[in-house]
Amino acid sequence: MPAPGEVELHPGLDLPLLRDLIRPDHPLWTPRELRDLTSLVSSELTGPLLDIVRIDDENRWWAKLALTAGVELWLLSWAPGQGTAPHDHGGASGSFSVLFGALREDYRYPAGPIRTSHHDVGSSIGFGSGRAHQVRNVSSVNSASVHAYSPPLLPVHYYSDLSEVPPIPPQRATKRLEEHG
């Protein structure tokens, strides 16, 4: 974990604009700030992101774009049919923006109903710490998305089904597994 004020950046995205957007001194990001971050990174850094992204027909692909003491930023790709298992983000707030393609998200807050949203290219969503979801590419074309989480590096909790999400949100921990979604 970088010290406050420090930032780790992907070598293909070590750009002044990203250094400004990632705000290394910002300790904790709100869902709205995360949504704004993923939206701006997707729209303003499209070219460099397209140079980095890879599509793997066998497994979901991802790359860490940036990490500070307050936020982590990822680029994920999704071949048709690829998706995550139902999971939460260990008490972190999050966001994702669709760089290209489209994604389906089934989600649930503790004790709430299971809902479905479709996110097309250019769409962005920020969400609070209690949200559990399953994200999939249900289209016939490749997709990619930019994701952010704050606080960073919290462990993801997986479920066999969104109906199994406990009625009390997970407590924040200190580390996060490198399984993203």
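Select Leu-153 in this predicted model. Leu-153 is buried, because its relative accessible area is 14% and the cut-off for buried is under 20%. Look at its backbone too: phi is positive, about 60°, although Leu-153 is not a glycine. The residue sits in the loop between strand 10 and strand 11.

Stay in that loop and select Pro-151, which also lies between strand 10 and strand 11 (157–158). Show the peptide bond between Ser-150 and Pro-151. This bond is cis, with omega at about -5°.

Now jump to Ala-111. Here is another residue that has a positive phi without being a glycine, at about 65°. Its loop runs between strand 6 (102–108) and strand 7 (115–120). Is Ala-111 buried or exposed? Ala-111 counts as exposed, because its relative accessibility is 62% and the cut-off is over 50%.

**The sheet**

Next, show the strands as a cartoon. Six strands make up an open sheet, and their pairing is antiparallel. Trace them in the order 1-2-3-10-5-8. Which strands stand at the edges? Strand 1 (8–9) and strand 8 do. Each has a single partner strand, so one side of each lacks a neighbour in the sheet.

Move inward to strand 3 (residues 72–78) and strand 10 (residues 143–150). Seven bridges pair these two strands in the antiparallel sense. Pick Trp-74 and look across to strand 10. Its bridge partner there is His-147.

Keep His-147 selected, since there is more to see in strand 10. His-147 counts as buried because its relative accessibility is 0%. Add Glu-72 to the selection. His-147 and Glu-72 are 75 residues apart in sequence, yet their C-alpha atoms are 8.1 Å apart in space.

Go on to strand 5 (residues 93–100) and strand 8. They run antiparallel and are joined by four bridges. Select Phe-96 and find its bridge partner in strand 8, Ile-125. Then turn strand 8 (residues 124–127) to compare its faces. Ile-125 and Phe-127 are on the covered face. Ser-124 and Gly-126 are on the uncovered one.

**Helix 2**

Bring helix 2 into view. The helix lies across strand 3, strand 5, strand 8 and strand 10. Its angle to strand 5 is about 20°. Check its length: how far apart are the end C-alpha atoms of helix 2? They are 20 Å apart, which agrees with the 20 Å that its 14 residues should span at 1.5 Å a residue.

Colour the buried residues of helix 2: Leu-34, Leu-37, Thr-38, Val-41 and Ser-42. They cover an arc of only 120° around the axis, so they fall on the same side of helix 2. What do they pack against? The buried residues of helix 2 meet helix 1, helix 3, strand 3, strand 5 and strand 10. Turn to the other side of helix 2 and find Arg-32 and Glu-44, which are exposed.

Zoom in on Ser-42, in helix 2 (residues 31–44). Ser-42 is buried, with a relative accessible area of 7%. Beyond its neighbours within four places in sequence, Ser-42 is in contact with Leu-49, Ser-97, Leu-99 and Val-146.

Step along helix 2 to Leu-37. Leaving out residues up to four places away in sequence, Leu-37 touches Leu-21, Ile-22, Trp-29, Val-71, Leu-73 and Ala-148.

**The cores**

Which residues have the most contacts inside the largest nonpolar core? They are Leu-37, Val-41, Leu-49, Leu-65, Leu-73 and Leu-75. Select them as a group and show side chains. The whole core has 24 residues. Now see where this core comes from. Helix 1 (16–22), helix 2, helix 3 (46–52), strand 2 (61–67), strand 3 and strand 10 each supply at least two of its residues. Strand 2 gives the largest share, four residues.

For the last stop, select Trp-74, Val-135, Tyr-149 and Leu-154. These are among the 12 residues of a second, separate core. Trp-74 is a residue you have already met, as the bridge partner of His-147.

Methods: Residues are numbered from 1 along each chain as its sequence is written. This is a predicted model: local features need pLDDT of at least 70, side-chain atom pairs count only at pLDDT 80 or more; totals for chains, interfaces and linings use all residues. Side-chain values use heavy atoms; hydrogens and water are left out. Buried means under 20% relative accessible area, exposed over 50%, partly exposed in between (1.4 Å probe, protein chains only). Contact means heavy atoms within 4.5 Å. Two strands pair if DSSP finds at least two bridges between them. Axes are lines fitted to C-alpha atoms, for helices over the stretch in contact, and angles run from 0 to 180 degrees between N-to-C directions. A nonpolar core is a set of buried Ala, Val, Leu, Ile, Met, Phe, Trp, Tyr and Cys residues joined through side-chain atoms within 4.5 Å. The expected span of a helix is 1.5 Å times one less than its number of residues. The arc is that of the directions from the helix axis to the C-beta atoms.
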